[in-house]
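User: I would like to learn how to read pockets and surface patches in a model. Could you walk me through them?

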Amino acid sequence: MKADSIEARVRRSLYGARRWHPAEIVFWVLALAAFFLLPRQLLILNEIAILGLFALSLDLILGYAGIVSLGHAAFFGFGAYAAGLFARHASADPLAGLAVGMGAAGLLGLISSPLILRGSDLTRLMVTLGVALILGELANSLGWLTGGADGLQGIMMGPVLGLFEFDIFGSVAYLYSLTVLFVLFVLARRIVGSPFGLSLRAIRDNPLRASASGVPLHWRLVAVYTLAAAYAGAAGALLAQTTQFVSLDVLAFHRSADLMLVLIIGGAGYLYGGLIGAVAFKLLQDVIASFTPQYWMFWIGLF
């Protein structure tokens, strides 16, 4: 009876986590309404949607699995370059390029996970940072492929679903990025509310107890790290497609540092934290930079 009652409580908890609360519905309605209410701010709204997806990817490993990273931009940049190169040399279809960016970054996450998941948090910080720095130097040295310091130019994107052409105002770009963000968010929400998600939180809180309970720690962490890398690659692919340009900046250290700041502002361990942090960070950056273009980072740091 005791085991049955525990199982019943777990099922009720999982069911409650999957239910959509009114505040969540309001959040997404407001995100869609911004398209109509702020027609002159669609470019920055597109940046917020991409940054929100990027922060969501970090929250999956940091907030739910306890994996710290200072080089998450490695997957963001790898996805951006993969999508950009695919558009230049293979196909201009945005959805195909998005899949390529996600797949390439996910594969990189899978390959690098054995190195990153070993050792302490300090070791993980250094290894993740090292992976991002290595990729940055490779992108700089392979100028014949990536464009080097000049960036990857000449990216021409076709219409989304063959119907919606990208425009200079960012209207299609924002709706495209928001749709991708929403679909991947719903998927992440289902994952963290599943028994797999519960096992990740058990590993984060007490890895020894989780291991003693029969949870396969290594494979769970490899799976979520690969998933988070694919999400970051999707964010990078969206940036490459909507701006039609990729520079070495996508692999820079400050991008990983800004992402950590975004997650700190919004809060780690619940999926909306990264989205809220992305909105706050971009709005602060936009407003403060309009007053003090040279010292806006000081005020964000103070905040």
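Analyst: Happily; we will take the pockets, then a surface patch, then a single side chain. Keep in mind that this is a predicted model.

User: Let's begin with the pockets. What volume does the largest pocket have?

Analyst: A useful habit is to ask for the volume, then for the residues around it. Here the largest pocket has a volume of about 540 Å³. Its lining is made of 29 residues, and Glu47, Phe76, Leu239, Arg255 and Lys282 are the ones nearest the centre. Two or more lining residues come from each of helix 3 (42-62), helix 11 (217-243), helix 12 (253-266) and helix 13 (272-291).

User: Which helix gives the most to that lining?

Analyst: That is helix 3, with six residues.

User: And how does the lining of the largest pocket divide by class?

Analyst: There are 15 nonpolar residues, eight polar ones and six charged ones in the lining of the largest pocket.

User: How much space lies in the second largest pocket, and which residues are closest to its centre?

Analyst: The second largest pocket holds about 400 Å³ of space. It is lined by 20 residues, with Ala31, Leu45, Ile48, Tyr174 and Val279 closest to the centre. The elements giving two or more residues to this lining are helix 2, helix 3, helix 8 and helix 13. By class, the lining of the second largest pocket has 17 nonpolar residues, two polar and one charged.

User: Now the surface. Which residues make the nonpolar patch?

Analyst: For a patch, look at its area, its members and the elements they come from. In this model, Trp20, Ile25, Val29, Phe182 and Val183 make a nonpolar surface patch of about 450 Å². Helix 2 (22-37) and helix 8 (171-192) each give two or more residues to the patch.

User: Where is Trp20 found?

Analyst: Trp20 sits in the loop between helix 1 (2-18) and helix 2. The relative accessible area of Trp20 is 35%, so this residue is partly exposed. The label applies because 35% falls between the cut-offs of 20% for buried and 50% for exposed.

User: Let me try the reasoning on Phe78. Why is Phe78 called partly exposed?

Analyst: Phe78 is called partly exposed because its relative accessible area is 31%. Phe78 belongs to helix 4 (residues 73-89).

User: How many residues apart along the chain are Phe78 and Leu108, and what separates their C-alpha atoms?

Analyst: It helps to read chain separation and spatial distance side by side. Phe78 and Leu108 are 30 residues apart along the chain, and 8.3 Å separates their C-alpha atoms.

Definitions and conventions: Residues are numbered from 1 along each chain as its sequence is written. This is a predicted model: local features need pLDDT of at least 70, side-chain atom pairs count only at pLDDT 80 or more; totals for chains, interfaces and linings use all residues. Side-chain values use heavy atoms; hydrogens and water are left out. Patches are made of residues with over 30% relative accessible area and no salt bridge: like charges are joined within 9 Å, nonpolar side chains (Val, Leu, Ile, Met, Phe, Trp, Tyr) within 5 Å. Accessible areas come from the Shrake-Rupley method with a 1.4 Å probe; for residues, only the protein chains shown count as cover. A salt bridge is a side-chain nitrogen of Lys or Arg within 4 Å of a carboxyl oxygen of Asp or Glu. Helices (H or I, at least four residues) and strands (E, at least two) are DSSP runs, numbered from the N terminus. Buried means under 20% relative accessible area, exposed over 50%, partly exposed in between (1.4 Å probe, protein chains only). On a 1 Å grid over the protein atoms alone, a cavity is a set of points where a 1.4 Å probe fits but cannot get out, and a pocket is an open set with protein on both sides within 12 Å along at least five of seven lines; lining residues have an atom within 4 Å of a point. Grid points are joined across faces, edges and corners, and a volume is the space filled by probe spheres set on the points. Ala, Val, Leu, Ile, Met, Phe, Trp, Tyr, Cys and Pro count as nonpolar, Asp, Glu, Lys and Arg as charged, and the others, Gly among them, as polar.
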